[in-house]
Structures are given as structure tokens and as C-alpha cells.
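Biologist: I would like to learn how to read a structure of this kind with care, one feature at a time. Could you show me what to look at, and in what order?

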Amino acid sequence: MKKESSYWVAIVHRISGIALALFLPLHFWALSTALEMDAFLAWTRQPAVLIAEWGIVVALAAHFAGGLRVLALEFLPWHERQKTLAAAAAAVTLAVGLALALAL
Amino acid sequence: MTPRLETLLWIAQRATAAVLALCVAVHLATIIYAVQGGLTAAEILGRTRGNHAWLAFYSVFVIAVSVHAPIGLRAVFLEWLRWRGASRDVALALFAAALAWLGMRAVFAVFT
Amino acid sequence: MKVSVWKGGAEGAFHEFEVPRLPSQTVLDVVTYIQRALDPTLAYRYACRVGMCGSCAMTVNGVPRWTCRTHVDKVAHAERLQIGPLKNLPVIRDLVTDMREFFDKWARAKGQFEGRRTRDRDFEGIKPSSPQRLQVDAAIECIGCAVCYSACDVVAWNPDYLGPAALNRAWTLVKDERDGARLERLRAVAGDAGCHSCHTHMSCTERCPKHLSPTASIAGLKREVLKSSIRGEL
């Protein structure tokens with residue numbers, strides 16, 4: 001069934017939100033164990049963990065960009081070219097993902 | 001839920017979304033910058049310990065997330081899990097409390 | 001070409017028919033041919049067959065459309081067509097759906113005008129160019145065909161959701177200065193299956209055959225409800 005771009009941005013927005021909601025308690029718990037931080041940080045150098053970290057940051061970027069799109073649609077004056085917001089959201093997410101990949 | 005309460009939830013979610021937009025932009029930039037060249041505990045804690053600006057910033061971040069995430073999940077629970085009624089709201093309120101508690105605990109662990 | 005058509009009720013199956021391909025053929029032409037020449041028991045709806053009434057709305061290759069305005073050239077992939085009843089509505093038989101829930105939700109969203117004047121007073125002078133009226137006009141042309149309702153994911157996920165058409169109509173009335181039921185209407189659309197449940201997938205706007213944008217109308221409702229809430233009216 002053909003789906004428009006707004007649908008995919010919305011689905012990514014939802015899935016990334018769920019992922020972040022699941023991840024955050026772990027993130028907070030990990031930060032609380034700051035006393036053993038060096039050992040913990042050493043563990044995070046593993047490739048699997050790095051990939052997961054990258055995934056979480058991309059999820060955050062995707063959710064952030066999708067959220068800006070929702071706020072724009074709901075509060076700013078309406079224009080016909082609203083679908084370009086979906087494209088803009090995707091572009092921002094990709095940019096952040098690449099930036100992080102390069103940094104890592 | 002009454003129209004009044006539904007509307008208040010929606011307002012809370014959009015308001016915290018606006019706050020989080022700022023927090024996330026700062027957080028993402030910080031993470032990408034900090035990750036370059038590796039991280040040590042000393043480097044992180046050197047920046048955060050006793051830094052009241054960071055304490056204030058991350059406290060706002062934690063509280064905003066504790067409001068925003070559960071309200072977002074509320075729609076997902078209804079639409080994808082068919083979960084409605086008081087039990088859904090109670091579960092989400094508990095999740096909000098858990099996020100706030102774990103989050104503030106993390107903030108204080110890193111700042112004191 | 002091969003055409004699969006849904007036969008049965010909620011339980012049923014797609015039956016395949018071999019239909020002659022003609023130039024300038026619409027999907028409604030195809031369905032009509034099947035019923036007249038191949039299967040007289042096929043149930044389907046149409047009326048004007050010129051894109052004005054919306055009665056012929058069906059699901060064509062997974063997408064809700066007006067079949068009288070859908071040329072086979074545009075939708076047939078590799079000479080195959082799949083035709084089914086509109087989604088998100090109970091199926092009465094074959095291609096005919098029960099539209100009652102669609103219109104019941106229209107009423108639940110208070111999609112009816114309530115006048116404040118009687119015949120003894122002069123009628124209100126509303127300038128067609130006023131900003132409010134322009135907003136109403138942008139959304140007023142809905143003919144209740146249910147294509148948007150059928151396309152909406154939230155309607156599929158939440159059976160109580162009022163849906164794009166009902167909310168779009170509520171918006172035109174909220175913006176109508178002559179209407180006297182504004183607060184009740186805002187309360188009707190701000191409930192737990194109202195405007196706040198729209199997640200801006202924009203399937204409705206994408207598929208509306210009259211090129212309306214229920215997403216825009218629903219965003220307008222969200223803002224009106226917000227204002228009402230701030231004023232303590234809700």
C-alpha cells in the first residue's frame with residue numbers, strides 16, 4: 001500500500017520515541033554509577049556498544065527532527081509544500097548521524 | 001478523560017517538546033564534540049563537578065523528559081497495545097516518577 | 001487484464017475476473033462491466049459517475065479513491081487491478097460498506113450548524129473575503145465520501161477516533177461566526193478520541209479527492225482548543 005513521506009516520518013518519530021523511552025532509564029542508571037566510570041567507559045569502547053550508541057543518537061536526532069515537523073504543522077501558518085518538512089526532518093537526522101559517525 | 005484534562009496533557013507535551021528541542025540541540029552538539037578524541041571519566045567529571053549551570057540545565061532536561069515521554073507513550077499504548085482506562089494512566093504516572101527519580105539521581109551523581 | 005474484486009462480507013475473498021482493456025477506461029467502468037457481463041451478484045455503489053457525489057469510493061490497489069475518477073492507466077500495474085471496499089468501515093457486501101459510523105462520528109464531533117438568529121432578525125453580513133471566512137471556505141467543500149476516513153491510520157488503530165472528515169467539518173463550524181455552539185463543539189473535539197489524536201500522517205490530505213487538508217483543519221482545532229483552555233473555558 002503506497003504511503004506518503006509524512007507517514008514514514010511519523011512512524012520513525014514514533015519508533016525512535018519508544019526506543020528513547022526504553023533507553024533512558026538505562027542511561028540514567030549508567031550515569032549514576034559514575035564512581036566506576038572509567039571501567040564503564042572502557043566497556044563502551046566495544047564495537048557492539050558503539051553501534052548501539054550511534055543508533056541511540058540517531059534515534060534522538062530523528063525524534064528531534066520529526067518533533068520539529070509536528071510543532072511546525074500545528075503552530076505555524078499552513079502552506080501547500082508541507083511535505084518538504086518531512087524531507088527536511090530526514091535531512092537533519094542524516095546530518096547528525098553522519099556527524100556522529102565521523103566523530104566516533 | 002475529560003476534554004479539559006486531555007487538552008492539558010497535549011499542552012504539557014507540546015510545551016516540554018519546545019523545551020526539549022533546545023535541550024536536545026545543546027546535548028547533541030555537546031555529545032558529538034565530547035566524543036571526538038575519546039572520553040575519560042576525569043574529562044567528563046572535570047567539566048560537570050560543581051558546575052551549577054550544567055546542574056540547572058540537566059535538571060530542566062530531566063524534568064521535561066519525565067513529562068514528555070509518558071504522554072507520548074500514552075498514545076502508543078492506546079493505538080498499538082489497545083490499552084485504555086485508568087490502569088494505563090497509573091502505569092505511565094509511575095514511569096514518569098521513575099524517570100524523574102533516576103534522572104535526578106544521575107544528575108546529582110555527576111555534579112556532586 | 002486481470003481484476004481481483006472482493007466478494008463477501010467481513011469474511012470473503014478476492015475473485016479474479018478477465019476484463020477487456022479499453023482506452024480512457026475508469027475503474028468504475030471495470031466494476032460496472034464485471035457486474036453486467038460476468039457476475040450479476042456483485043454489489044457496489046455509484047451515482048453521478050462524474051466525480052461529484054463520492055458514492056463510488058473504493059480501495060483500488062490498496063489506496064482509497066473515487067473509482068469514477070480513477071483511470072485504469074494510472075493505477076493498473078502490469079495489467080493487474082485489485083478492487084476492494086473502503087477500509088475502516090464494516091463491509092455489508094462485496095464493495096459496499098456501512099457508512100453509519102462515519103456519519104455518527106460527524107454528529108459526535110458536533111458537525112452541525114447551530115444558528116443563533118431567528119427569521120425575525122436580519123441575516124448576518126459575513127464578508128466572503130474576511131480571514132475567518134477564507135479559512136472556512138478552504139475546508140467547506142467536503143462531500144462526506146469517507147476516502148480520508150478510510151486512509152487514516154489512527155482510525156484503523158483507534159476505533160473511537162472521530163476521524164479527519166468529522167473534525168474537518170467541526171473546524172469549519174468553529175470558524176463560522178454565525179454558529180452558536182462553539183464551546184460544546186470544542187469540548188466535543190478535545191476529548192480522548194478527538195483532534196489531539198491526529199499524528200499528522202497526512203494520509204487524509206494526500207488522498208482527499210477535493211484536495212482539502214483535514215490535517216490543516218485539525219491543527220486549527222488544536223490551536224482553538226489551546227486558546228479555550230488558556231481562557232479556562234473548557
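**One residue, then the wider picture**

Modeller: C:Y46 counts as partly exposed because it has 18 C-beta neighbours inside 10 Å; by the rule used here a residue is buried if 20 or more other C-beta atoms lie within 10 Å of its own, exposed if 12 or fewer, and partly exposed in between, with C-beta atoms placed from the backbone. Please keep in mind that this is a predicted model, in which local features need pLDDT of at least 70 and side-chain atom pairs count only at pLDDT 80 or more, while totals for chains, interfaces and linings use all residues. Residues are numbered from 1 along each chain as its sequence is written, and chains are lettered from A and ligands numbered from 1 in the order in which they are written.

Biologist: Where in chain C is C:Y46 found, and which residues is C:Y46 in contact with, leaving aside its neighbours within four places in sequence?

Modeller: Elements are DSSP runs numbered from the N terminus, helices being H or I of at least four residues and strands E of at least two, and C:Y46 is found in the loop between α1 (27-38) and β3 (57-60) of chain C. Two residues are in contact if their C-beta atoms, placed from the backbone, lie within 7 Å, and on that basis C:Y46 is in contact with C:L28, C:S55, C:C56 and C:C68, once neighbours within four places in sequence are left aside. The C-alpha atoms of C:Y46 and C:V96 are separated by 10.0 Å, although these residues are 50 apart along the chain.

Biologist: How should I read a helix, and which residues of α3 (residues 100-108) of chain C are buried?

Modeller: In α3(C), the buried residues are C:F102, C:K105 and C:W106. They lie on the same side of α3(C) because they cover an arc of only 110° around the axis, where the arc is that of the directions from the helix axis to the C-beta atoms. The face turned away from that buried side carries the exposed residues C:R100, C:D104 and C:A107, whereas the cover over the buried residues includes α5 (147-151) and α7 (164-174) of chain C. Just after α3(C), C:K110 takes a positive phi of about 55°.

Biologist: What domains is chain C divided into, and how many residues of each are in contact?

Modeller: Chain C is divided into domain 1 (2-97) and domain 2 (100-230), with bounds that come from an automatic or database domain assignment. Their centres, taken over C-alpha atoms, are separated by 29 Å, and twelve residues of domain 1 are in contact with 15 residues of domain 2. On the domain 1 side, β3 and β4 (63-66) of chain C are the elements that give two or more residues, and β4(C) gives the most, with three residues.

Biologist: Where does the largest nonpolar core lie?

Modeller: A nonpolar core is a set of buried Ala, Val, Leu, Ile, Met, Phe, Trp, Tyr and Cys residues joined through C-beta atoms within 7 Å. The largest one has 65 residues, and those with the most contacts inside it are C:I83, C:L167, C:A170, C:V189 and C:L221. α7(C) gives the most to this core, with seven residues. Domain 1 and domain 2 of chain C both give residues to this core, so it lies between them. A second, separate core of 32 residues includes A:L31, A:L60, A:A65 and B:V62.

Biologist: How many helices and strands are there in chain B, and which element supplies the largest share of the side that touches chain A?

Modeller: Chain B has four helices and zero strands, and its C-alpha trace spans about 50 × 25 × 25 Å along its principal axes. The contact between the two chains takes 27 residues from chain B and 26 residues from chain A, and the largest share of the chain B side, nine residues, comes from α1(B).

Biologist: Which elements of chain B each supply at least two residues of the side that touches chain C?

Modeller: In that interface, twelve residues of chain B are in contact with 13 residues of chain C. α1 (3-35) and α3 (52-81) of chain B each supply at least two residues of the chain B side, and the largest share, seven residues, comes from α1(B).
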